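Subject: Structure handover

Hello,

Here is the structure I said I would pass on. Please look through it before reading the notes underneath.

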Amino acid sequence: MIDFRYHLVSIVAIFLALALGIVLGSTTLSNSVSDTLRQQANSAAKSAQQARLDKRRIEGQLRGEKQFAAGLAPQLVADRLKGQSVVLIETPGASNDSIEQLSELAKNAGAAVTGRVTVQKKLLDDEQRDTVDELASQLKGDGVEFPADADAYTKAGAVLAGALVTKDAAKTGREDASGGAVLNGFKQAGYVTTSGKPGQHATLAVMVAPSAAYAYEGGDEDNKALISLATALDAADRGTVVGGPTTSAEEGGLIAALRDSGAKDEVSTVDAVDSSSGQVVAILALQNEMGGKSGQYGTGDGASGYLPSPAPTAGKNG
């Protein structure tokens with residue numbers, strides 16, 4: 001007969017064996033998990049190192065391309081706008097650096113820069129709409145026509161365009177009393193400020209878009225008001241380009257709004273004028289405008305390509 005002591009020893013042996021199996025099993029499992037984690041950590045470290053190397057390589061390429069474009073820009077645009085004149089339109093929130101660089105590049109292209117008109121935020125204020133309408137109607141010159149359904153900003157755009165640009169060679173580079181009255185009226189109302197001599201009737205216009213989208217209630221209406229001005233300028237001169245950074249082609253941006261409107265068939269846009277190469281593209285776009293060709297250029301939505309294709313021939317300006 002098997003006594004109680006035998007049973008007790010057998011049970012203890014079973015539990016000891018079970019405990020030993022658990023310990024051995026968990027140790028094996030622990031080593032396996034550790035090996036897997038170690039391999040994953042090594043792989044992640046190698047990937048991170050490669051990403052750092054790729055980042056440095058890309059940054060170096062970008063610096064080189066920027067230096068290349070900036071160094072050759074004057075040569076690339078030489079004489080493309082020879083005999084022309086350009087007026088610069090600064091919108092609320094536009095980059096002053098882009099405006100200054102575009103101004104210099106236009107001069108390198110052979111154009112005279114008449115001056116700059118800075119649109120003030122007050123002009124776009126909804127509460128000013130009736131006053132803008134009244135002022136534009138009062139200052140309307142003999143050569144300016146309003147469409148039958150013109151709103152306040154269509155009228156203001158037409159009046160300002162008549163004071164700033166022209167297709168008539170006889171008027172180019174000349175100020176007149178009517179245009180002076182328009183600019184003085186808008187300045188006294190606090191709607192614009194000016195520098196240089198923008199009343200000298202340029203043949204071309206460049207509007208620089210806000211760096212950030214008008215992401216507030218009523219921002220779409222502000223974009224429409226600026227598009228009205230760009231459209232009026234294009235109708236009154238030999239060509240108008242709206243340029244801005246890549247953000248201006250994003251939702252709520254001026255260039256995005258223009259590309260979604262009927263104005264895209266008449267007014268060219270460039271969504272990369274915060275870069276040296278994009279500024280060259282803006283000059284090429286102006287050159288194409290003089291030949292009656294409009295386009296949407298850059299890298300944002302709605303762009304047909306980074307630059308006109310085929311690029312206009314150097315030395316020919318329409």
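The notes below go from the whole chain to its cores, then to one helix and one residue.

Please keep in mind that this is a predicted model. The protein has 318 residues, and 41% of them count as buried. Its secondary structure consists of eight helices and seven strands. Among contacts with a separation of 6 or more, 77% are between residues 24 or more positions apart. The exposed area is about 16800 Å², with carbon and sulfur atoms supplying 54% of it.

Nonpolar cores

The largest nonpolar core contains 43 residues, and Ile89, Val165, Phe186, Met207, Leu233 and Val242 have the most contacts inside it. Several elements each give at least two residues to this core, including strands S1 (85–90), S2 (112–119) and S4 (204–208), and helices H3 (129–139), H4 (152–164), H5 (177–188), H6 (219–236) and H7 (254–259). H4 supplies the largest share, eight residues.

Ile89 shows what such a position looks like in terms of partners. Leaving aside neighbours within four places in sequence, Ile89 is in contact with Val117, Val119, Leu164, Val206, Met207, Val208, Leu229 and Leu233. Another core, of 27 residues, lies apart from the largest one; Ala73, Ala111, Val280 and Met290 are among its members.

Helix H4

H4 has 13 residues, of which 11 are buried, so the helix is largely enclosed by the rest of the structure. The buried set is Ala152, Tyr153, Lys155, Ala156, Gly157, Ala158, Val159, Leu160, Ala161, Ala163 and Leu164. These buried residues pack against S1, S2, H3, H5 and H6.

The length of H4 can be checked too. At 1.5 Å a residue, its 13 residues should span 18 Å, and the C-alpha atoms at its ends are 18 Å apart, which agrees. At the N-terminal end, Asp151 acts as a cap: one of its side-chain oxygens lies 3.2 Å from the backbone nitrogen of Tyr153.

Ile227

Is Ile227, in helix H6, buried or exposed? Its relative accessible area is 10%, under the 20% cut-off, so Ile227 is buried. Not counting residues up to four places away in sequence, Ile227 touches Leu254, Ala257, Leu258, Ser261 and Ala263. The C-alpha atoms of Ile227 and Val267 are separated by 9.2 Å, with the two residues 40 apart along the chain.

Regards

Note on methods:
Residues are numbered from 1 along each chain as its sequence is written. This is a predicted model: local features need pLDDT of at least 70, side-chain atom pairs count only at pLDDT 80 or more; totals for chains, interfaces and linings use all residues. Side-chain values use heavy atoms; hydrogens and water are left out. Helices (H or I, at least four residues) and strands (E, at least two) are DSSP runs, numbered from the N terminus. Buried means under 20% relative accessible area, exposed over 50%, partly exposed in between (1.4 Å probe, protein chains only). Contact means heavy atoms within 4.5 Å. Accessible areas come from the Shrake-Rupley method with a 1.4 Å probe; for residues, only the protein chains shown count as cover. A nonpolar core is a set of buried Ala, Val, Leu, Ile, Met, Phe, Trp, Tyr and Cys residues joined through side-chain atoms within 4.5 Å. The expected span of a helix is 1.5 Å times one less than its number of residues. A polar contact is a pair of N or O atoms within 3.5 Å; within protein, one must be able to donate a hydrogen and the other to accept it, and residues adjacent in sequence count only if both atoms are side-chain atoms.
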